[in-house]
Amino acid sequence: MASDESAALTYASYLALDDVLASQRPRSDEHDELLFIVIHQVYELWFKELLHELDRVRQWLEDDEPHRAQHTLKRILSIVKVMVAQLDILETMTPLEFLTFRERLEAASGFQSDQFRQIEFVLGAKSDKAIRRFPEGSRAHVALTRRYTEPTLWDAFLNYLAREGYAIPASHLASDVTTRAEPSAEIQAVLIELYRRDTKNAELCERLVDLDEGMQEWRYRHVKMVERTIGTKSGTGGSTGAEYLRNTVGANLFPDLWDIRARL
Ligand code: HEM
């Protein structure tokens, strides 16, 4: 008899649908909990795909392939737009509907999403504290530790520009990959020149600004959704809730690309 492995491939087996569809496990009998689980799972799948594509962009830059990097960035931006739009669905859940099962979440919170932290790490917002929240040896701890010591997208971009002939100071090329990019007058002078003369790379910069803005758009929409759903209550993850989240909105990932705008 044919084993499962040798059986003809089907839609369901290719997509591991039995596993996927058996992975929603509500902790209550409340109607709205399924939506809450599905939407978070869909986000985690998009986060996985986003990380896959961000790694790809970084590789294209390392390989001096700006057009391909831009192509992949466009795909990433489309995903971010879908991620933002999906919040509309969850906003159809009223505060009272959420309350029907909220206490069953105990201390679980999106705050514990390691893939979201991985995305932050690739985009330059790294923190060793975020790694220590996960047990040593766990999937999350291993992945975050690896990404902590890897160059960020911005590191890869500056190194690419240096190879394109731009005068990126050596201190930035060899800079500590674990620190967040701080505004730099020298880099900004380079970028202003680049914007004036180099359409190809200026386009690439614009896609990075799109990505920065898109991530902030998600944060803004998430905090507004939190405000309308739980108001000033603290989060299940133990933070002050909307107040904590408001402080994460508006921090630019690539500050140099924003700071030059008034001087272009
Ligand atoms: C009713 C819906 C939601 C509510 C009320 C809510 C509430 C919160 C709150 C209060 C926090 C702050 C941490 C805490 O104390 O728990 C938080 C963080 C977070 N949530 Fe949500 N959330 C909701 C939906 C979502 C969805 C659909 C996602 C998608 C993955 C998500 C992802 C996150 C992430 C990634 C953080 C960490 C943000 C950061 O630390 O910068 N949340 N959420």
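Here are a few exercises on this predicted model, each with a worked solution.

Some ground rules. The model is predicted, so local features need pLDDT of at least 70 and side-chain atom pairs count only at pLDDT 80 or more, while totals for chains, interfaces and linings use all residues. Residues are numbered from 1 along each chain as its sequence is written, and side-chain values use heavy atoms, with hydrogens and water left out.

**Exercise 1. Work out the overall make-up of the protein chain.**

Step 1: count the elements. You should get 14 helices and zero strands, where helices (H or I, at least four residues) and strands (E, at least two) are DSSP runs numbered from the N terminus.

Step 2: box it. Along the principal axes, the C-alpha atoms of the protein chain fill roughly 60 × 60 × 35 Å.

**Exercise 2. Find what holds the iron atom of the ligand, and describe the shell around the ligand.**

Step 1: look for donors, meaning N, O and S atoms within 2.8 Å of the metal (3.2 Å for Na, K and Ca); water is not among the atoms, so sites may look incomplete. The only protein donor of the iron is NE2 of His-222, at 2.2 Å, and His-222 sits in helix H12.

Step 2: collect the shell, taking residues with a heavy atom within 4 Å of the ligand. You'll find 28 residues, with Ser-109, Arg-117, His-222, Ser-239 and Tyr-244 the closest.

Step 3: check N or O pairs within 3.5 Å. Side-chain atoms of Ser-109 and Arg-117 each come to 2.7 Å from a ligand oxygen, and for Tyr-244 the value is 2.4 Å.

Step 4: sort by element. H3 (33-62), H6 (114-122), H12 and H13 (242-246) each give two or more residues to the shell; H12 has the largest share, seven residues.

Step 5: sort by class. The split is 14 nonpolar, 12 polar and two charged (nonpolar: Ala, Val, Leu, Ile, Met, Phe, Trp, Tyr, Cys and Pro; charged: Asp, Glu, Lys and Arg; polar: the others, Gly among them).

**Exercise 3. Describe how H9 packs against H12.**

Step 1: fit lines to C-alpha atoms over the stretch in contact, with angles from 0 to 180 degrees between N-to-C directions. The axes of H9 (153-163) and H12 (199-230) come within 13 Å and cross at roughly 170 degrees. That makes H9 roughly antiparallel to H12, a label for angles over 145 degrees.

Step 2: list contacts, meaning heavy atoms within 4.5 Å. From H9, the residues include Trp-154 and Phe-157; across from them, H12 offers Leu-204 and Leu-208, among others. By class, this contact has nine nonpolar, one polar and one charged residues.

**Exercise 4. Trace the surroundings of Gln-24.**

Step 1: place it. Gln-24 lies in the loop between H2 (17-21) and H3.

Step 2: follow its side chain. One reach is to the backbone oxygen of Val-20 at 3.0 Å; a polar contact of 2.5 Å joins it to the side chain of Gln-41.

Note on methods. Parallel < 35°, antiparallel > 145°, perpendicular 65-115°, else oblique. Polar contact = N/O pair within 3.5 Å; in protein donor to acceptor, adjacent residues only side chain to side chain.
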